[in-house]
Amino acid sequence: MSHYFDHDPKVDSDRKTVSVIVAGDAFEFVTDAGVFSHGRLDAGTKILLNDAPPPATEGNLLDIGCGAGPISLSLARRSPRARVWAVDVNERALSLVRDNAKHLGLENITAARPEDVPADIEFDTIWSNPPIKVGKDELHSILDLWLPRLRDQGTAVLVVNKNLGSDSLAAWLERKGWNVRRLGSRRGDRLLEVSSSRRSESGRIDD
Ligand SMILES: C[S@@+](CC[C@H](N)C(=O)[O-])C[C@H]1O[C@@H](n2cnc3c(N)ncnc32)[C@H](O)[C@@H]1O
C-alpha cells in the first residue's frame, strides 16, 4: 500500500495545478500523485495560511513535512528576506517544491531531506501541517527533532484536526515543557501555537 509519506512513491506521476488565495495572496502550485493533497489545497493548511500570525520577516523559517509546498511557498512570498527550509522525506514532494519555487521565481526556499538541513540552523518561525498518519511515536520524534531548534523568541504553528488527536498532541507538548496556545478551530482543524517556556515576557503573546 502506498502512503503520502513514502520516500519514493511508486504511483505514476499525475501533475495537477492548484490556484489558491491565502492571506490575500494569489498563486499557483503544482501537486502530484503520491504526494499529500493531490489536486487541492488541504483545508487545514488553508486555515494555517490564513489564520496564523505573520511569520518572521528574516532569518530561517521551517515547514516540517512540506509536501508539494503550499506552506513553504506562502512563507517565501510573505517573507522574501528570510530563508525557508522545506523539509520532507518524500523525494517527489521535494522535487515538486523545487519546481514550484522556480516557477514562482522564489530563490529563498531550500527543499531538503531532514538529515540534509545543517545542524546549526535555528528557526524563527516553524509552520507545519505535520504527518499525523506516520503514528504517534514517529510524530513525537519528528517534533522532538525540530521544536528544540526554535529560537527563544520564535513560534511554531501546527494545524492538527481534533479527530487526528490535536488535544492529546497539545497535552503531550505541554508535558514536554512547551507553551501551547490554541489560536482557533474551524471544522475540527485546530491551530496550535507552540513557543518556548524560555520566551521573555516582552515576546509573550499569551493572555
Ligand atoms: C499532512 S502532509 C502536509 C503536506 C503539506 N505541508 C501541505 O500542507 O499540503 C505531511 C507531510 O509530512 C511528510 N513527512 C512524513 N514523515 C516525515 C518526516 N519524518 N520528516 C519530514 N516530513 C515528513 C509527508 O511526506 C507529508 O508530505
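Is Ala23 partly exposed or buried, and how many other C-beta atoms lie within 10 Å? Select Ala23 in this predicted model and the count comes to 15 other C-beta atoms within 10 Å, so that Ala23 is partly exposed, a residue being buried only if 20 or more lie within that distance. Ala23 is placed in the loop between S1 and strand S2 (25-31), and its phi is near 50°, a positive value in a residue other than glycine. Most residues other than glycine have a negative phi.

Go next to Arg187, in the loop between S8 and S9, where phi is near 45° and again positive in a residue other than glycine. Arg187 counts as exposed because it has 9 C-beta neighbours inside 10 Å.

**The whole chain**

Zoom out and colour the protein chain by confidence: its pLDDT averages 93, and 95% of the residues score at least 70. Residues 202-207 deserve caution, since pLDDT stays under 50 there, and the model has for them 4 contacts beyond four places in sequence.

Switch to a cartoon and you can follow 5 helices and 9 strands, which run from the N terminus in the order β-β-α-β-α-β-α-β-β-α-β-α-β-β. The radius of gyration of the protein chain is 16 Å, close to the 17 Å that the globule rule gives for 207 residues, so the chain is as compact as a globular protein of that length. Along the principal axes, the C-alpha trace spans about 50 × 40 × 35 Å. Of the 207 residues, 38% count as buried, and among contacts with a separation of 6 or more, 68% are made by residues 24 or more positions apart.

**The nonpolar core**

Now select Leu48, Leu62, Val84, Ala86, Val97 and Ile126, the residues with the most contacts inside the largest nonpolar core, which has 48 residues. Strand S7 (residues 150-161) supplies the largest share of this core, namely 6 residues. Centre the view on Ile126 and, leaving aside its neighbours within four places in sequence, you will find it in contact with Leu62, Ile64, Trp146, Leu150 and Ala156.

**Helices H1, H2 and H5**

Select helix H1 (residues 43-51), whose buried residues are Gly44, Thr45, Lys46, Ile47, Leu48 and Leu49. These buried residues pack against strand S1 (16-22), helix H2 (70-78), strand S6 (123-128), S7, strand S8 (179-186) and strand S9 (189-195).

From there, move to H2, which is largely enclosed by the rest of the structure, because 7 of its 9 residues are buried. The residues to highlight are Pro70, Ile71, Ser72, Leu73, Ser74, Leu75 and Ala76.

For contrast in location, pick Trp172, which lies in helix H5 (residues 166-175) and counts as partly exposed, with 16 C-beta neighbours inside 10 Å. A distance monitor drawn between the C-alpha atoms of Trp172 and Pro118 should read 27 Å, for two residues 54 apart along the chain.

**The ligand**

Finish at the ligand, around which 22 residues are found, the closest being Phe5, Thr45, Gly65, Gly67 and Pro131. Colouring this shell by residue type divides it into 14 nonpolar, 6 polar and 2 charged residues. Thr45, one of the closest residues to the ligand, is also one of the buried residues of H1, so a view centred on Thr45 takes in a residue that belongs both to the ligand shell and, with 20 or more other C-beta atoms within 10 Å, to the buried set.

Definitions and conventions
Residues numbered from 1 in each chain as written. Predicted model: local features only at pLDDT ≥ 70, side-chain atom pairs only at ≥ 80, totals over all residues. Near = placed C-beta within 6 Å. Nonpolar A, V, L, I, M, F, W, Y, C, P; charged D, E, K, R; others polar. pLDDT = per-residue confidence, 0-100. Contact = placed C-beta atoms within 7 Å. Helix = DSSP H or I, 4+ residues; strand = E, 2+ residues; numbered from the N terminus. Rg over C-alpha atoms; globule rule 2.2 N^0.38 Å. Buried ≥ 20, exposed ≤ 12 C-beta atoms within 10 Å, placed from the backbone. Core = buried A, V, L, I, M, F, W, Y, C linked by C-beta atoms within 7 Å.
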